[in-house]
Amino acid sequence: MKKLALPKHSVLIIAIIATWITTYIGYVTSFKMKIDNVMQELILFINPLSFLLFVYGVALFMKSTKRRNIYLLSVSLGTSLIMFSNAVFYRFFNDFITLPVLFQTSNFGDLSSSITANLHLTDIFFFSDVLIIYLAIKFIPEKEISIQKPIARKLYFVTSAALLMVNLGLAETERPQLLTRSFDRELLVKNIGAYNYHIYDVFMQSKTHAQRVLADGSELVEVGNYINANYAAPSADKFGIAKDRNLIVVSLESLQSFVINNEMDGHVITPFLNELTKDPDTFYFTDFYHQTGLGKTSDSEFLIENSLYPRNGGAVFFTHSGNTYQSLAERLGQNGYFTNVMHANNRSFWNRDIMYGALGIDKFYDIESYVVEEGQAVNWGMKDIPFLEQSVDLMTDMQQPFYSRLITLTNHHPFTLDEEDKMIPEYTSNSNTLNRYFQTVRYMDESIKLFFEDLKEKGLYDNSIIVMYGDHYGISENHNKAMGMYLDKEITPYDNAVLQKVPLFIHVPGYGKATTVDEVSGQIDLRPTILHLLGIDTKDDMQLGADIFSEDHEPFVIFRDGRFVTDKYVYTQDVCYDSETGEPIEAVACEPYIENAGVELGYSDMIINGDLLRFKQQEDEQLLPNVIGEQE
Ligand code: GP9
Ligand code: MN
């Protein structure tokens, strides 16, 4: 063989390039990742590089050539195994591997049999870099390796670090708050790469694990006492008014209360929902607040299912999907309900596929359960009208009673619509976001109207109870100026707190005695409120919310960030406001509540961080049937 003038570290260079390219080809061929633009394509292409430079670069510290070669081969074998296992896993679960899933296989059927059924001969491709490196080692003439100059080595690792920074920087512009909010494994892999994603996952999971190990169950007594003391007994005239009915819960994406019974330039924004506020079958809650944090929609789901607060840093759906919970779904499952969530999005978004297993939800109808025809998708995906229509179709085949939680999506930032779906004009302000918001809200209202008609037509209406709530704000504080113009006042921190009101409707067909409820309450109160309407007591449940209809319900709602609202005060940014006038008042009025808010948020964190409900479950075990159904 002719001798080539190869650089000193040619095997290393070949190893990096071979694994890089294999990884990239693996991405493109094995995972259905949605790439929307050239920037995303570029990020996907470069994302394996910083990690590979780093791990392979460790070889530069090895003096013996033999050792170095073994190391390079082992790394390539390791990375190939990672890509290979993810590809096989993805075929079955449409998701990337995350640590908890490896310990929760019982929820997902028999993993080993699904693995063998999902092997393809072409998977050998994932190991082609190992072969290339092997050949390179064999055929490239061995060189005397002088010890690498420290300065050159340093430069090498600085480059690798710089590349990681560039990668993260680009990812941040594409998807702000990617690492703090987590969102979705697909987004993580797309943006930081499969290898970095696994490091991130291990880091996040071990942090959670450490706190869990430290808890021993003794904390449960203290938290339990607090919860018992705050238990709000059901109101006699509401308890069981919807007994044995199907429960349909609709999460109204980004819907805030300020649009209800309001107009925009003379156009009614929510005609159907406005009617409902006056309907004798509908309880409409005027002073109901969202309590979500970074986990947005998923936090609202968490609040409703568990009546616990979400977590402060990062979405609890991601950080604590391995916990034991006592969810609404689980309780209903024990009472003979078929429990499910319907949401036309990728199943791993917000880690739902894993979290729903922990919440004991029988089935998740994700995007794969829907048919999205031409023209039926906009913005984030399937439009609400066809989504709700197909959801009702799915419901007609369900075993009754069922609990279906539907998550809408069209009224999501950036609030875009197809021309034919615009029923009112845009608003005119300096915020295009707010301008378009009214239009998507109007579309959402229409979708709910049709949903009700559909339920009636399919014979599901009379025997159901329909709960609908706004999941979180749609218009953030960045749009204060435009909001001020619309509401015709200057927006203060007090207003910003009050703007966190989201609508809540509890519609009980045939009830006839419903009213408007102005009790200050929040999403955390939904679980007990709903269960009591269905005639299921919650006295023994570890929940921090209270039945809004109960005489014992306290008009006090705590936001995840520590702000709070009572019937008399609003507390925000260390200032106490009079809730009637919006004027700042003596701080002392808010003080007892500040303390209570801290205590309550602290207990919630304690339950979640210590995974305390697993101890409760051990106590209850023999009384409960096995309710965790099989997920698809
Ligand atoms: C995603 C949908 C929207 O599936 O629930 O999430 P959000 O950004 O509102 O939290
Ligand atoms: Mn949302």
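**Domains**

I began with the domain assignment, which splits the protein into domain 1 (9-211) and domain 2 (219-626). I am working on a predicted model here. Taken over C-alpha atoms, the centres of the two domains are 39 Å apart.

Next I looked up what passes between them. I find 24 residues of domain 1 in contact with 24 residues of domain 2. About 1,900 Å² is buried between the two domains, and carbon and sulfur atoms contribute 48% of that area. How many salt bridges are there between domain 1 and domain 2? The count is one.

I also noted a salt bridge that joins the side chains of aspartate 353 and arginine 185, at 3.3 Å from N to O.

**Manganese site**

On to the metal. Which residues coordinate the manganese ion (ligand 2)? I list Glu253 (OE), which appears twice, with Thr297 (OG1), Asp471 (OD) and His472 (NE2), at 2.0 to 2.3 Å. Along the chain these donors follow the spacing E-x43-T-x173-D-H. The pair of threonine 297 and aspartate 471 links distant parts of the chain, 174 residues apart. Threonine 297 sits in helix α14 (residues 296-306), whereas aspartate 471 is in the loop between β11 (464-470) and α20 (480-487). I checked burial too: both threonine 297 and aspartate 471 are buried.

Then I turned to the geometry. The manganese ion (ligand 2) has six donor atoms, and the angles among them run from 57 to 167°. I therefore have to call the site irregular, because six donors count as octahedral only if opposite ones are over 155 degrees apart and all others lie between 65 and 115.

**Cis peptide bonds**

I have two to record, both leading into a proline. The bond from glutamine 400 to proline 401 is cis, with omega near -5°. Proline 401 belongs to the loop between α18 (384-396) and β10 (402-407). The bond from histidine 413 to proline 414 is also cis, with omega near 5°. For proline 414, the place is the loop between β10 and α19 (432-457).

**Positive phi**

Last, I looked at backbone angles. Glutamine 177, a residue other than glycine, has a positive phi, near 65°. I place glutamine 177 in the loop between α8 (150-174) and α9 (178-181). Serine 254 also has a positive phi, near 50°, and lies in the loop between β1 (246-252) and β2 (263-264).

Is serine 254 buried or exposed? Serine 254 is buried, with a relative accessible area of 2%, while glutamine 177 is partly exposed at 36%.

Note on methods: Residues are numbered from 1 along each chain as its sequence is written. Chains are lettered from A and ligands numbered from 1 in the order in which they are written. This is a predicted model: local features need pLDDT of at least 70, side-chain atom pairs count only at pLDDT 80 or more; totals for chains, interfaces and linings use all residues. Side-chain values use heavy atoms; hydrogens and water are left out. Donors are N, O and S atoms within 2.8 Å of the metal (3.2 Å for Na, K and Ca); water is not among the atoms, so sites may look incomplete. Four donors count as tetrahedral if all angles lie between 85 and 135 degrees; four count as square planar and six as octahedral if opposite donors are over 155 degrees apart and all others between 65 and 115; anything else is irregular. Helices (H or I, at least four residues) and strands (E, at least two) are DSSP runs, numbered from the N terminus. Buried means under 20% relative accessible area, exposed over 50%, partly exposed in between (1.4 Å probe, protein chains only). Domain bounds come from an automatic or database domain assignment. Contact means heavy atoms within 4.5 Å. Buried area is the accessible area (1.4 Å probe) that two parts lose on being put together, summed over both. A salt bridge is a side-chain nitrogen of Lys or Arg within 4 Å of a carboxyl oxygen of Asp or Glu.
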